[in-house]
Amino acid sequence: MDKNERDRVMKNRKCISIISKPLEEISSEEKEFIKDNYSGYGSILGVEGLAQFFTPHEVSFELDNYLNKVLPINAKILEPSVGAGSLLFNLREDFQITTIDVDEMNYKLNCILHPNFENFNDSACNHKRENYYDAVIANPPFNISVDGDIDLNYKSLKYDKKTKKYKGNSDWFFLEQAINCLKVGGYGVFILSPAIKFKSGLKKIRQLLLDSCWIISHIQLPSEIFENSGTTIQTNILIFRKAPKLPKFKCNSYDAISDYEWLLGQPPIVCIDVLKFDYIHEAFEMLTDELWLTNVCPENAERSRQDEAIFFKVSDLGYKYKSRYMENVIFFETQTLGRGKEIEYEGVEYETCDWGVMDELIKKYK
Ligand SMILES: C[S@@+](CC[C@H](N)C(=O)[O-])C[C@H]1O[C@@H](n2cnc3c(N)ncnc32)[C@H](O)[C@@H]1O
């Protein structure tokens, strides 16, 4: 064990001794200590089972700010694999938050830090609320087996005769659950492993996302992001929005290179590669800056050859902006419904480069 790991273990032990005390005996300093220092056991002491790699505050701060901007007052939010609650620290106070974690220590910690949340100590596979939440925010465990006792009738969970449980892969399950639990118009904000882009076992969930959601953004994070939580695995942020039942259309931009079909209202997806930790804030500022979106992405973007990845080089800030086209791997790209061309549906013309169209369609077809 190196010095960093030893340090984490010592701090975790102190946190656990605080968490184990009766609630009324825990001081506000101790609460601050566990908030800042409980890092879970991801990759230390050989405890990999629950994939406890907690999100650093720099990232959760941006995700929370995004939700604070887009959600209505008193919005209902689900964090289905809450860990130490890192993804929730900067959310607005009016939100009604539900958390779940299968790990008892995490559950207790959330009861201490957030007694006003609805906290469950359970597997997320037992949580059954359909069309209920305005947002699901999650950094679910990557590629582990998850199970529950309730038949949610999800494609990701199969009945296992041996264990008598409904069992499946976490990468698939947590996304399927989010789509199910969200209201139409609700937001999914997920930290995911890169497997979501290409793994054949995740094809069905990619399809479900494209059939039922608008994809807002795909942000690739630098691999050092989770270093302090014990891993250097590559991670991505995916932001999507549950759409009403709508028809799909092919990309109609003049230099379309794909036959892919997108839900009416799909805006160009904002794809950002954040190359350095320090640039996360600027990446998120760009994501919510409509002026930047309409000016730069995608009409005026600089393009390279059509049959390769297209790079949008916007500035020297340290990002690459790109849309990807790879045979059979196509997933996140800006080749969506076109660069400003309109689409006619039921007698109405809809802009394809206007983020407001989603709200218009939600109102009309919910
Ligand atoms: C990668 S950590 C992320 C924690 C937190 N969301 C964050 O971003 O810091 C994944 C969490 O999922 C929890 N977990 C694992 N299996 C679960 C299940 N079946 N249901 C709910 N939580 C689960 C683990 O205990 C761990 O806290």
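Let's start at the ligand, in what is a predicted model. There are 24 residues around the ligand, and the ones that come nearest are F54, T55, S81, G83 and N139. If you sort that shell by residue class, you get 14 nonpolar, 8 polar and 2 charged residues. So much for the ligand shell; on to the helices.

Two packed helices are described by the angle between their axes and the distance between the axes. Let's do that for helix α1, residues 3–19, and helix α2, residues 28–37: their axes come within 10 Å and cross at roughly 135°. For those of you who like categories, that angle lies between 115 and 145 degrees, so α1 and α2 count as oblique to each other. As for handedness, the crossing of α1 over α2 is left-handed.

Who makes the contact? On the α1 side we have K11, C15, I18 and I19, and on the α2 side E30, F33, I34 and N37. By class, the residues of this contact come out as 5 nonpolar, 1 polar and 2 charged.

My last stop is a single residue, M286, which you'll find in helix α8, residues 280–287. Is M286 buried or exposed? Well, M286 has 22 C-beta neighbours inside 10 Å, and the cut-off for buried is 20 or more, so M286 counts as buried. If you'd like a distance to check on your own screen, try M286 and I272: these two sit 14 residues apart along the chain, and their C-alpha atoms are separated by 9.4 Å.

That's my tour, thanks for listening!

How values were computed
Residues are numbered from 1 along each chain as its sequence is written. This is a predicted model: local features need pLDDT of at least 70, side-chain atom pairs count only at pLDDT 80 or more; totals for chains, interfaces and linings use all residues. A residue is near a molecule or strand if its C-beta atom, placed from the backbone, lies within 6 Å of it. Ala, Val, Leu, Ile, Met, Phe, Trp, Tyr, Cys and Pro count as nonpolar, Asp, Glu, Lys and Arg as charged, and the others, Gly among them, as polar. Helices (H or I, at least four residues) and strands (E, at least two) are DSSP runs, numbered from the N terminus. A residue is buried if 20 or more other C-beta atoms lie within 10 Å of its own, exposed if 12 or fewer, and partly exposed in between; C-beta atoms are placed from the backbone. Axes are lines fitted to C-alpha atoms, for helices over the stretch in contact, and angles run from 0 to 180 degrees between N-to-C directions. Angles under 35 degrees count as roughly parallel, over 145 as roughly antiparallel, 65 to 115 as roughly perpendicular and the rest as oblique. A crossing is left-handed if the near helix is turned anticlockwise from the far one by less than a right angle, and right-handed if clockwise. Two residues are in contact if their C-beta atoms, placed from the backbone, lie within 7 Å.
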